[in-house]
Amino acid sequence: MSAAPITVYVPRDSAALAVGADEVADTLQAECARRGIALNLVRNGSRGLFWLETLLEVATPHGRIAYGPVTADDVVGLLDAGLLTGAAHALCHGPTEQIPYLAKQERLCFARMGVTDPLSLADYEAHEGWAGLRAALALPGDTIVQQVLDSGLRGRGGAAFPTGIKWKTVATAQAAQKYVVCNADEGDSGTFSDRMTMEGDPFMLIEGMTIAALAVGATRGYVYIRSEYPNAIATMNEAIVRASVAGFLGVDILGSGRTFHLEVRKGGGAYVCGEETAMLESLEGKRGIVRAKPPLPAIEGLFGQPTVINNVISFASVPLILARGAAFYRDYGVGRSRGTLPIQLAGNIRQGGLVEKAFGISLRELMFDFGGGSASGRPIKAVQVGGPLGAYVPESQWDLPLDYEAYAAVGAVVGHGGIVVHDDTADMAKLARYAMEFCAIESCGKCTPCRIGSTRGVEVIDRIVAPPQSSKTGPQHNRPQQVALLRDLCDTMLNGSLCAMGGMTPYPVLSALNHYPQDFGIATPDREAA
Amino acid sequence: MPTPATTPDHAQAATGAVLARRADEPGALLTILHEVQDALGHVPREVVPQIAEALNLSRAEVHGVVTYYHHLRSEAPGRHVVQVCRAEACQAMGADALFEHAQQRLACRAHGGHGSTSADGNYTLNPVFCLGLCASSPAVVIDDRLHARMTPQRFDQLVGKLEAAT
């Protein structure tokens with residue numbers, strides 16, 4: 001008589017694969033086969049507790065029990081200790097759902113993350129999947145748009161523009177062909193929520209995009225995924241095939257007579273293609289050069305047609321809004337920042353990972369209550385919020401509520417919710433220089449403030465930090481003069497650039513200069529913080 | 001990632017196969033270039049006119065796209081391709097020192113955002129700006145395999161394995 005197979009979960013998320021999850025899975029299978037144990041191995045998404053990856057879970061009568069970080073070398077010892085019954089072990093963390101990091105979260109968008117097999121339609125359906133699409137199929141387009149408007153959802157890519165207003169513009173535009181495009185060019189350092197969604201819950205993105213298509217009358221869509229995410233590309237492609245075969249995509253969606261064709265397009269490693277108009281150029285097979293706006297993409301977008309463009313998390317938030325109603329979603333959050341944000345804790349942090357919380361949480365709570373302080377054990381010096389174009393936030397602002405308006409008021413941005421922690425060994429002048437250098441490398445070259453300003457910015461910062469008497473090639477530089485020059489240059493970039501690439505590079509530069517003047521060799525701020 | 005030996009005939013044939021499959025799709029150029037690079041390891045200069053002709057574009061337009069995107073390359077890469085993330089979250093965990101170490105170990109010298117190939121053709125080292133492993137930094141990719149929490153010591157072990165296998 002053979003016992004019922006025991007279900008064990010080993011994540012397939014890139015962050016787990018990068019620390020050996022495949023080896024853990026292989027060893028576990030081989031060892032169970034050798035011991036004659038029937039194993040049901042599920043490759044789930046990641047729970048987002050990355051310091052515990054590879055996080056292995058065992059299904060027991062008392063729920064799923066977590067073990068981590070597990071390496072292939074731990075597997076035999078774990079099995080000997082009674083892993084398959086959820087027995088105690090140095091690596092055991094008890095029931096997964098009760099791990100404080102997870103228990104304290106408000107997971108709406110990431111509710112299925114790490115729970116299900118990402119490519120199992122049955123799993124998806126069993127966990128509230130397609131409920132939003134089914135609701136949307138029974139509604140006229142303008143009612144869907146109204147629900148998204150009422151939810152207060154704003155673009156999660158960083159610009160925070162109200163999603164419903166964008167949809168309304170496309171819905172009212174007259175055209176034979178409209179498009180829905182997902183911007184999955186998640187290039188910001190410190191962000192991975194889009195990657196996790198595509199690798200760990202791809203049907204949610206498909207469902208959100210399909211609802212958008214129904215709302216605005218689009219029949220064709222693209223997911224533009226960066227080439228640095230091969231696993232996300234592969235998982236999305238497979239999910240699209242499975243969803244199409246099962247009737248959730250393609251012609252006659254669920255017998256409704258409605259049509260939506262979805263396709264993945266791979267980016268080319270250009271950061272600026274995260275800017276929506278550059279992405280459209282790239283989708284059209286051209287160099288990813290920014291377009292001047294207007295016309296808005298909602299009026300003249302992909303191939304000149306009205307196009308909804310949203311970030312992965314914006315689309316992924318929609319199914320739940322349709323399934324549970326706009327009010328349910330709007331009840332989370334503060335001020336005009338409604339709902340939840342999947343925040344990504346990264347860099348020099350002990351417990352890095354994905355924290356989904358309603359807006360309003362502070363950086364201090366995130367870094368210490370969730371993150372457990374720096375990974376190095378040294379004091380935290382600076383935190384960059386919102387990617388390479390986001391400001392460095394000093395300790396005096398760590399108690400601000402995470403809220404689009406509160407951050408804007410101090411010259412910072414929430415952006416895509418990436419938080420990169422630096423300890424006290426960070427040289428802020430070097431990081432400011434890097435921001436300019438990155439802009440010089442990634443500028444599309446269309447507008448002068450960005451293309452030339454970034455290179456001049458690197459040079460000016462080099463002159464500011466040059467030690468006295470080191471200059472062999474030119475005269476000694478007057479530091480206050482060079483600082484004034486840098487500020488002037490930043491002003492030109494801020495106000496004269498065509499898009500956020502050049503227009504926001506001054507955020508990290510000026511915040512570093514204003515809050516950490518000593519790193520630039522300046523004793524006190526030469527001007528009040530902007 | 002071993003690079004297939006490329007003769008002009010082979011390159012033309014492989015490109016022709018991609019074009020036959022994709023040329024009619026709207027805005028297909030970037031997709032076509034990806035598939036050519038997947039087949040040949042790079043986008044050889046001699047296939048640019050062939051692609052331009054099939055898509056009714058100028059050679060300058062195709063060349064412009066090939067050279068615009070960091071991911072696409074006109075030269076064959078080394079026998080092994082190593083990418084080291086240089087973005088902020090990795091910098092916060094020692095990526096600058098790791099990149100410096102990788103340059104020494106692989107005898108590659110990168111400048112700015114550009115990669116370089118060692119003189120013996122064994123390695124191509126590319127800086128990369130974010131692999132999405134920012135909570136497990138620093139991160140590298142060696143021949144399409146992701147590795148997180150990298151240290152110079154572990155890097156040497158992994159490179160040593162590559163060299164032992166050849």
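A residue counts as buried here if 20 or more other C-beta atoms lie within 10 Å of its own. Keep that cut-off in mind while you colour chain B: of its 166 residues, 46% are buried. One more thing before we move on: this is a predicted model.

**Stop 1: chain B**

Stay on chain B and switch to cartoon. You should find seven helices and five strands. Walking from the N terminus, the order of elements reads α-α-α-α-β-α-α-β-β-β-β-α. Next, colour by domain: the assignment puts domain 1 at 8-68 and domain 2 at 80-165 of chain B. Their C-alpha centres are 29 Å apart. If you draw a box along the principal axes, the C-alpha atoms of chain B fill roughly 50 × 35 × 25 Å. For contacts in chain B between residues at least 6 apart in sequence, 58% join residues at least 24 apart.

**Stop 2: chain A as a whole**

Now select chain A. Here the cartoon shows 22 helices and 16 strands. The radius of gyration of chain A is 24 Å, close to the 24 Å that the globule rule gives for 530 residues, so chain A is as compact as a globular protein of that length. Its C-alpha trace spans about 90 × 60 × 40 Å along the principal axes. Buried residues account for 57% of the 530 in chain A. Of the contacts in chain A with a separation of 6 or more, 72% are between residues 24 or more positions apart.

Give each domain of chain A its own colour: domain 1 is 6-103, domain 2 is 121-331, domain 3 is 337-417 and domain 4 is 428-520. Put a distance label between the C-alpha centres of domain 1 and domain 4 of chain A, and it should read 47 Å.

**Stop 3: the sheet that starts with β2(A)**

Zoom in on domain 1 of chain A, 6-103. Five strands of chain A make an open sheet here, ordered β2-β1-β3-β4-β5, with mixed pairing. Which strands stand at the edges? They are β2 (39-42) and β5 (92-95) of chain A; each has a single partner strand, so one side of each is left without a neighbour in the sheet. Direction ignored, neighbouring strands of this sheet are turned by 25 degrees against each other on average.

Select 56-60 and 63-67 of chain A next. These are β3 and β4, an antiparallel pair with five bridges. Show side chains for A:Ala59, and you'll see A:Arg64 of β4(A) standing opposite. Then add 21-35 of chain A: this is helix α2, which lies across β1 (6-9), β2 and β3 of chain A and runs at about 170 degrees to β2(A).

**Stop 4: a loop residue**

Move along to A:Arg107, in the loop between α4 (100-103) and α5 (121-126) of chain A. Buried or partly exposed? A:Arg107 is partly exposed, because 19 other C-beta atoms lie within 10 Å, while the buried class begins at 20. For a sense of distance, pick A:Ala215 as well: the two residues are 108 apart in sequence and 25 Å apart in space, C-alpha to C-alpha.

**Stop 5: the sheet that starts with β13(A)**

Another open sheet of five strands in chain A has the order β13-β12-β16-β14-β15, again with mixed pairing. Its edge strands are β13 (353-358) and β15 (392-393) of chain A, each paired on one side only. Even so, β13(A) is largely enclosed by the rest of the structure, because five of its six residues are buried.

Follow β13(A) to β12(A): the two form a hairpin with five residues between them. They run antiparallel and are joined by six bridges. Click A:Ile343 and look across to its bridge partner in β13(A), A:Val355. Farther along the sheet, β14 (380-385) of chain A and β16(A) are antiparallel over five bridges. There, A:Val383 stands opposite A:Val421 of β16(A).

**Last stop: where the chains touch**

Bring both chains back. The contact takes 47 residues from chain A and 36 residues from chain B. On the side of chain A, the elements giving two or more residues are α1 (14-17), β8 (261-266), α12 (276-283), β12 (340-347), β16 (418-423) and α17 (428-442). Which of them gives the most? That is β12(A), with four residues. Colour this side of chain A by class to finish: 20 residues are nonpolar, 18 polar and nine charged.

Definitions and conventions:
Residues numbered from 1 in each chain as written. Chains lettered and ligands numbered in written order. Predicted model: local features only at pLDDT ≥ 70, side-chain atom pairs only at ≥ 80, totals over all residues. Domains from an automatic or database assignment. Contact = placed C-beta atoms within 7 Å. Nonpolar A, V, L, I, M, F, W, Y, C, P; charged D, E, K, R; others polar. Pairing = 2+ DSSP bridges. Axes fitted to C-alpha atoms, helices over the stretch in contact; angles between N-to-C directions. Rg over C-alpha atoms; globule rule 2.2 N^0.38 Å. Buried ≥ 20, exposed ≤ 12 C-beta atoms within 10 Å, placed from the backbone.
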